[in-house]
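Visitor: Please take a close look at one part of this model, and explain the terms as you go.

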Amino acid sequence: MRSTLLLLLLLHSFALLHAQSAFGGLTIGAAYGIDRMDSANLNSFVESFNTYYAANIKAKYASFPEALSGPAIRVGYRGSGLVGKKLAMAFQYQTGKHHVPRSATLGTGLKNEINLDMVNRDVLIELGVGGKRGFLNALMQGQFRNSTITYYTIYQDGSRSIGYEFDINGYYEVSTPEIMAGVSAGLQLGKRVIIPIQVVFPVWLPGGDFINMTDYDTSRYRSNDFPREFDFWVKDRWGVDDGNAITQGNFRGMRFSIGVEILLTR
Amino acid sequence: MNLRLSFIGLAIMLLFSGCDLFEAPKERYISKMLGTWDITELNHISILQNGTTQTLLRQENAGTFVAFKGPVCGEGLGGALTYCNDFTYNGPISGPIRAVPMPRQGSFSVDAAAKRVIFILSECSSLIGCDRAWTVEKNTAQEQVWSYYKVGPNEVYTDKLTLKMQKQ
């Protein structure tokens with residue numbers, strides 16, 4: 001609550017700063033973006049699962065894409081032509097999500113379903129040059145990406161279970177807090193509309209790639225991590241191999257977005 | 001004018017900041033569950049490989065589930081408190097064909113996304129592998145639907161037990 005208030009006061013102070021700007025003020029907007037991720041390990045799971053059940057599978061898992069696309073919303077402050085009419089800056093909060101479902105049907109009619117959800121919560125800080133028409137900024141982004149896999153077994157009558165009757169069922173999650181850096185450029189259309197285009201690249205994952213995607217709410221002898229190789233995971237009944245896991249690093253990647261922002265205040 | 005608009009925007013955002021948007025779903029769910037729930041329907045079916053189902057037991061007004069704050073057992077990650085012995089179940093345990101896998105009392109929890117209700121140590125007393133998870137099928141402040149599954153030998157059939165509950 002206190003941090004939210006501080007953030008809002010900070011945004012408001014930006015709004016007060018823009019008195020002499022070409023344009024600037026509190027903004028609300030939407031963006032459509034492409035998030036890349038390292039899907040190789042997820043696809044190792046898919047391939048190993050399909051191979052493990054090769055003799056008894058009606059429909060195989062399809063592979064995961066390397067890039068996910070979807071909308072995001074954005075709120076904050078943006079200004080251009082500040083301080084001597086050359087400075088441009090922005091401070092914004094952005095959130096968006098992706099959902100990728102995959103399913104495989106076994107010979108018995110049991111269906112396995114993976115629901116990959118990725119939620120981004122980003123803080124964007126931009127600083128650069130700009131005037132009346134637009135801006136070109138360096139962009140630093142604190143990205144808090146929460147990735148989850150909800151793994152269901154779907155029975156022959158359509159009932160969906162996430163219970164413990166199959167060890168693979170579960171709710172697996174991992175966060176990828178990342179410092180990203182890139183470029184943001186934009187044009188002003190009319191008095192209140194801004195079209196920003198942004199590209200950011202992952203530069204620093206604090207602490208390195210060391211957290212596995214885990215189901216924290218299950219208690220079993222087998223590993224609680226979401227496996228990279230399904231067949232090794234099946235054989236590893238006592239959960240000895242903690243390296244056979246999807247990790248936070250598998251969800252790192254470049255982001256490209258194009259958006260529309262509306263100046264609420266001028 | 002600009003300044004006035006800017007303050008109006010700030011006031012609207014302050015209004016929203018009063019909501020505790022970051023409360024964990026786990027805590028929200030447990031808070032919602034506190035109280036007495038009538039088990040309006042208990043339905044025990046068997047799902048066969050061809051997709052048909054057989055009803056093993058169906059009972060209306062099958063008892064109550066009472067959730068309350070028991071004694072504090074420990075502190076989880078982020079300072080969340082965990083409670084012990086925080087429910088009682090007053091419903092059928094044995095059906096005509098197979099037993100209902102629900103203890104009379106104990107501790108329950110929920111996963112981080114409120115997709116599973118977990119009955120802690122309900123199967124045995126070892127620290128590992130003794131919990132039971134029920135899938136949350138419906139989750140509102142006034143109505144809960146939970147299902148428990150048990151796979152039969154060679155996956156020929158699967159038992160599904162469903163509790164429909166209304167808050168008193």
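Guide: Strand S1 (residues 35-48) of chain B and strand S2 (residues 53-60) of chain B run antiparallel and are joined by seven bridges. Strands (E, at least two residues) and helices (H or I, at least four) are DSSP runs, numbered from the N terminus. Two strands pair if DSSP finds at least two bridges between them. One bridge links Ser46(B) to its partner in S2(B), Gln54(B). The hairpin of S1(B) and S2(B) has four residues between the strands, and Gly51(B) takes a positive phi near 95° there.

The model is predicted: local features need pLDDT of at least 70 and side-chain atom pairs count only at pLDDT 80 or more, while totals for chains, interfaces and linings use all residues. Residues are numbered from 1 along each chain as its sequence is written, and chains are lettered from A and ligands numbered from 1 in the order in which they are written.

The hairpin belongs to chain B, and chain B averages a pLDDT (the predictor's confidence in each residue, from 0 to 100) of 83, with 83% of the residues scoring at least 70. Among the elements of chain B, strand S11 (residues 157-167) has the highest mean pLDDT, 96, and helix H1 (residues 2-17) the lowest, 47. Over residues 9-22 of chain B the pLDDT is below 50, and this stretch has 12 contacts in the model beyond near neighbours in sequence. Two residues are in contact if their C-beta atoms, placed from the backbone, lie within 7 Å. Where pLDDT is low, the predicted coordinates should not be read in detail. For the complex, the predictor gives an ipTM of 0.83 and a pTM of 0.86.
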